[in-house]
Amino acid sequence: MSIEKERISTAQLVILGLFTFIGDMALVYPAAMTSEAHQDAWIAALISIPPGIALVFLFVVVANISPDQNIIEISQQVLGKWIGSAVGGYYLFFFIIAASTYIREIEDFMCTQIYEGTPGGVIRFMSIVLLVYGLRLGLETVGRAAQVFFPLFALFLVALMVLLFPQVQLDRVYPMMTTPLPDMLHTIMIGVFYPFGEICVFFMVYPYTRKNSKINRDIFIALCLGAAGLNLILFLSLTVLGVYFSEHNFYAAYVLAQKINIANFLQRLEALMATAWIITTYFKTALYFYAFVLGTAQIFKLKSHRPLIFPVAFLIYGLSQLISKDIIFYVKEIPPFWVDWNLTLSLGLPLLILVVYKVRQRAAASQANP
C-alpha cells in the first residue's frame, strides 16, 4: 500500500516533465554543448534528440513493469530486497545531491547576475522556504501550480526567441563539421544524458498519475517540444552571441535576453528570461526534493513522508553550500562527472532492472510450461 495518496493528472505530469526537462538547462545548455563541439554544437544537439527520446521510452517501459509502484519499489520487487534497496538508495543519493545542486544554481545565478550584493545564504534560504511550502501542500498542489505557471513560462520563452531572430547571423556557425569525431560523440552524449537523463526523477512521480490512454503520446510530444526549445536557445546563442561567448559564458541564455532591442524601445527583457528559468528550476528542484523524501520514507517503512520534509530542507541547505566552493569550480569540475552519473542512473540501472525482469519472466514461464 503506497504512502502517497494524492494523484496528479496526465496534463500536470506532462507540464512537470517539460519544466524538469528545460529547468536549469535553459541557461547552462549552450555552454555545456559548445565546450567541445564549438560551432557544430547545434548539429550534435539535433543528433542527440532521437537517442534521448529512446532513453525516455526505456523509462516508460521500466515504469510500466508495475505502473502503481515507483523505482524504489520496482527495484526491490525485481532485484530482491537487498540489491533493490541498494539501487533505490543510489537513486535517493542522486535525488538529494541534485536538489542541492539546483538550489546552489539559483543562488549563484541570483547573486552574480541580479542581486549582486545579497548574501548567498539569504537566496538559498528563501528558495528552500518556498520548496518546503510547496511540498507541505502536497504533490497535487505542485501539479496544479505548474499548470498555472505554464502559460506564463511559455509566453516568456517564445517572446524571447522571436524577438532575437532579427539579430541572427548565420555566418557564425561556419565552418561546419570541423569538430573531431571523439569530441562530437562526447557532445552528443552530453545532449542525451544531461537533459533527457534527468527525467529519471519521474520514476518517483509516474505511479501517482491518473493515466489516460494517450499518456505516452503526450509525454513524447512534450519532450520533443522541450528539445526543440533547448536547441533553439542553443542555435540563437551561437548565431547571436557567437561561439566564443556561448562557450565561455555560463549564463549565455540570460545574456541573450539582454541583447533584445527593438527600435530602442523594447529592450532590457532579461528579467523575463530569469523569471522563466526560476519557474522551471523551482518545479524541477521540488520534484527531486519530493522524490528523496518519499523514497526515504518508503525504504524505512514510514507511514508518511511529510515529517521528513523539514529535516531534509535543512540537509539541502547545508549540502547546497558544500556542493561547490565557488561558481568556477561548479562550471569546470562538476558537469563532466554529472553526465556519467546521469548515464548510470538513466541507462545502466533501468536497463539492468528490465533485463533481470525479462529473464525472471521467461524463467517463470518455462517453469509453468515445462
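This is a short tour of one protein chain, from its overall build down to a few individual residues.

**The whole chain**

Keep in mind that what you're looking at is a predicted model. The chain has 14 helices and four strands. Its radius of gyration is 21 Å, close to the 21 Å that the globule rule gives for 370 residues, so the chain is as compact as a globular protein of that length. If you lay the C-alpha trace along its principal axes, it spans about 75 × 45 × 40 Å.

How much of the chain is tucked away? Buried residues make up 56% of the 370 residues. The accessible surface comes to about 16200 Å², and 69% of that belongs to carbon and sulfur atoms. Then there's the question of who touches whom: among contacts with a separation of 6 or more, 84% are between residues 24 or more positions apart.

**A buried phenylalanine**

Now zoom in on Phe196, which you'll find in the loop between helix 8 (181–193) and strand 2 (209–210). Is Phe196 buried or exposed? With a relative accessible area of 1%, it falls under the 20% cut-off and so counts as buried.

Who keeps Phe196 company? Setting aside its neighbours within four places in sequence, Phe196 is in contact with Phe21, Ser48, Ile49, Gly52, Ile53, Leu55, Val56, Phe59, Gly191 and Ala227. For another landmark, take Leu13, which is 183 residues away from Phe196 along the chain; the C-alpha atoms of the two are separated by 16 Å.

**Helix 4, end to end**

Helix 4 covers residues 71–79, and it is mostly covered itself: seven of its nine residues are buried. Those buried residues are Ile71, Ile72, Glu73, Ile74, Ser75, Val78 and Leu79.

Both ends of this helix have something to show. At the start, a side-chain oxygen of Asn70 reaches to within 3.0 Å of the backbone nitrogen of Ile72. Just after the helix, Gly80 takes a positive phi of about 95 degrees.

**Salt bridges**

How many salt bridges does a search of the whole structure find? The search turns up six, and the table lists some of them.

| Salt bridge | N to O distance |
|---|---|
| Arg306 and Glu6 | 3.1 Å |
| Arg104 and Asp108 | 3.1 Å |
| Glu140 and Arg144 | 2.8 Å |

Start with the side chains of Arg306 and Glu6, which meet in a salt bridge. This pair links distant parts of the chain, 300 residues apart: Arg306 is in the loop between helix 12 (270–299) and helix 13 (309–322), while Glu6 is in the segment before strand 1 (8–9). Are both partners covered to the same degree? Not by category, because Arg306, at 24% relative accessibility, counts as partly exposed, whereas Glu6, at 19%, counts as buried. The dividing value here is 20%, since buried means under 20% relative accessible area.

The Arg104 and Asp108 pair sits within one helix. Both residues lie in helix 5 (residues 81–114), four residues apart, about one turn of the helix. Arg104 and Asp108 are also both buried.

Glu140 and Arg144 are likewise found in one helix, namely helix 7 (residues 139–164). Here too the spacing is four residues, about one turn of the helix.

Note on methods: Residues are numbered from 1 along each chain as its sequence is written. This is a predicted model: local features need pLDDT of at least 70, side-chain atom pairs count only at pLDDT 80 or more; totals for chains, interfaces and linings use all residues. Side-chain values use heavy atoms; hydrogens and water are left out. Helices (H or I, at least four residues) and strands (E, at least two) are DSSP runs, numbered from the N terminus. Buried means under 20% relative accessible area, exposed over 50%, partly exposed in between (1.4 Å probe, protein chains only). Contact means heavy atoms within 4.5 Å. A polar contact is a pair of N or O atoms within 3.5 Å; within protein, one must be able to donate a hydrogen and the other to accept it, and residues adjacent in sequence count only if both atoms are side-chain atoms. A salt bridge is a side-chain nitrogen of Lys or Arg within 4 Å of a carboxyl oxygen of Asp or Glu. The radius of gyration is taken over C-alpha atoms; the globule rule is 2.2 Å times the number of residues to the power 0.38. Accessible areas come from the Shrake-Rupley method with a 1.4 Å probe; for residues, only the protein chains shown count as cover.
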